[in-house]
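Okay, thanks everyone for coming. Let me put the structure up and then we'll walk through it together.

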Amino acid sequence: MARFILGLVELGVSATVHLLFGFYVFSSAVAADISQAAAASGFPLLRRPATPAAVEAGLVDVAAAAVGDDHAPVVLDGSPPPIVLVHGIFGFGKGRLGGLSYFAGAEKKDDRVLVPDLGSLTSIHDRARELFYYLKGGQVDYGPEHSQVYGHARFGRIYDTGHYPVWDEHNPVHFVGHSAGAQVVRVLHQMLADKAFPGHDTSEDWVLSLTSLSGALNGTTRTYFDGMLAEDGRSMRSICLLQLCRLGVIVYDWLDIPWLKNYYNFGFDHFEMSWRKVGLSGLVDLLLGNTGPFSSGDWILPDLTIQGSLRLNSTLKTFPNTFYFSYATKRTRKLFGITVPSSVLGVHPMLFLRVLQMCMWRHPQSAPLPYKGYRDEDWEDNDGALNTISMTHPRIPVEHPNRFVVDDSDCHPLQPGIWYYKIIEGDHILFIVNRERAGVQFDLLYDSIFQRCRKHAFRKSPPTMPNETSQ
């Protein structure tokens, strides 16, 4: 009984902290949009631009908010290859949440950067399909077999013009994936190699480089604290944070308020959960778990368990002509032989409890080990969302070629087909949403990533940059 009560208290604290952070992000976006709309309307008393602190922190992209980038898609052509920033779970791309930037304005560091908006809670598979059509153009095709198995529409959003329609092996792209975004790119890369897009002659060489930033390459034990069952990595406990999330998402999608969904979308439109489609009886079925993505398992959390990542990784390759670099984050250290949070003030309040819990994770003795050779102690270091061991390079079920890097100069010249990885101090959201938290580290990190893409990751010769003068 005491354990049950303690669990309810933990659930209440976790839910409250996450809701407050979500409200903070949402209200920041709304406030910025209102001030921009007031400025555009010509009302002097309402003409309050976004605060310098918000702009400096990367919370607001004033230009995006002013011109409405969702109505004027950026279309790139030619070279150098674009850098595509792929968001993680609960993330958003350019055009959502007004002028808010998921990557805290890092996209402004280069003239040829794309920030796609993918389903924030949809499965890795579905997000990979969406990413392809975002770049190439056309109607999103989730695949006939996958759509039939998981019970949703085969076709989704239509991109009249892709954001990089010339994309092919001669015009490849650089991908930077944060959190689950890194695994989305890996699945897309494999689909390209497998020629899984009808009407397109794709190949593995369409991807020039992949940079994983706190990437979910091997799953995370956090999923079990949030509510996934460690026994199978697919099912949820009946009372947990994820169940609250499930109920909220179902109601949000069922209400289907157009302006609200344009502002932020979980990405489940292809499941057709709107009241216009399913009515009141459909809502009951969704809430009872009889239908929808949470019933079929076609959403992102099962993909982020260790078991789910193992299933994905068993089909994914590291390709010999692609460059790989990974930044693994951690906010833990050893104290008298025990793994503990390395800082109190340095960990975001939303993540501190999970940092502490993940340090103490022990796989249930009654459950089969998720993979051969699994040890609890290997998974103790973490950043509050992912385990550090998961972020370095693909490890399960087979370890991919890799090389630990202390200084960036240690890996020059870069060799393709090898996962170079670096471990840095920081929690899972240090380098996104609010650049003020990371301070100078923010610029050092993204400058390093962009410089590597532009000057060190190429197959024939360094690309010529616009307005670059000969030395």
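So, how many helices and strands are there in the protein? There are 17 helices and 11 strands. Keep in mind that what's on the screen is a predicted model.

Overall shape next. The C-alpha trace spans about 70 × 55 × 50 Å along its principal axes. For 471 residues, a compact globule would come out with a radius of gyration near 23 Å, and the protein has 22 Å, so the two agree. Buried residues are 56% of the 471. As for the surface, about 21000 Å² is exposed, with carbon and sulfur atoms supplying 60% of it. And if you take contacts between residues at least 6 apart in sequence, 72% of them join residues at least 24 apart.

Now the sheet. It's open, it has seven strands, and reading across you get β2-β1-β5-β6-β7-β11-β10, with parallel pairing. The edges are β2, at 113-114, and β10, at 402-404, and each of those pairs on one side only. Let's zoom in on the β10 edge: three bridges join β10 to β11, residues 419-425, and the two run parallel. There, Asn402 stands opposite Trp419 in β11.

What packs on the sheet, then? Helix α4, residues 124-136, does, touching β1, β2 and β5, and its direction makes about 145 degrees with that of β1. Helix α6, residues 180-193, packs on the sheet too. Helix α6 touches β1, β5, β6, β7 and β11, and the angle between its direction and that of β5 is about 140 degrees.

That's my tour; over to you.

Terms used
Residues numbered from 1 in each chain as written. Predicted model: local features only at pLDDT ≥ 70, side-chain atom pairs only at ≥ 80, totals over all residues. Heavy atoms only, no water. Pairing = 2+ DSSP bridges. Helix = DSSP H or I, 4+ residues; strand = E, 2+ residues; numbered from the N terminus. Contact = heavy atoms within 4.5 Å. Axes fitted to C-alpha atoms, helices over the stretch in contact; angles between N-to-C directions. Rg over C-alpha atoms; globule rule 2.2 N^0.38 Å. Buried < 20%, exposed > 50% of the residue type's maximum accessible area, 1.4 Å probe, protein only. Areas by Shrake-Rupley, 256 points an atom, 1.4 Å probe, with all protein chains shown as cover.
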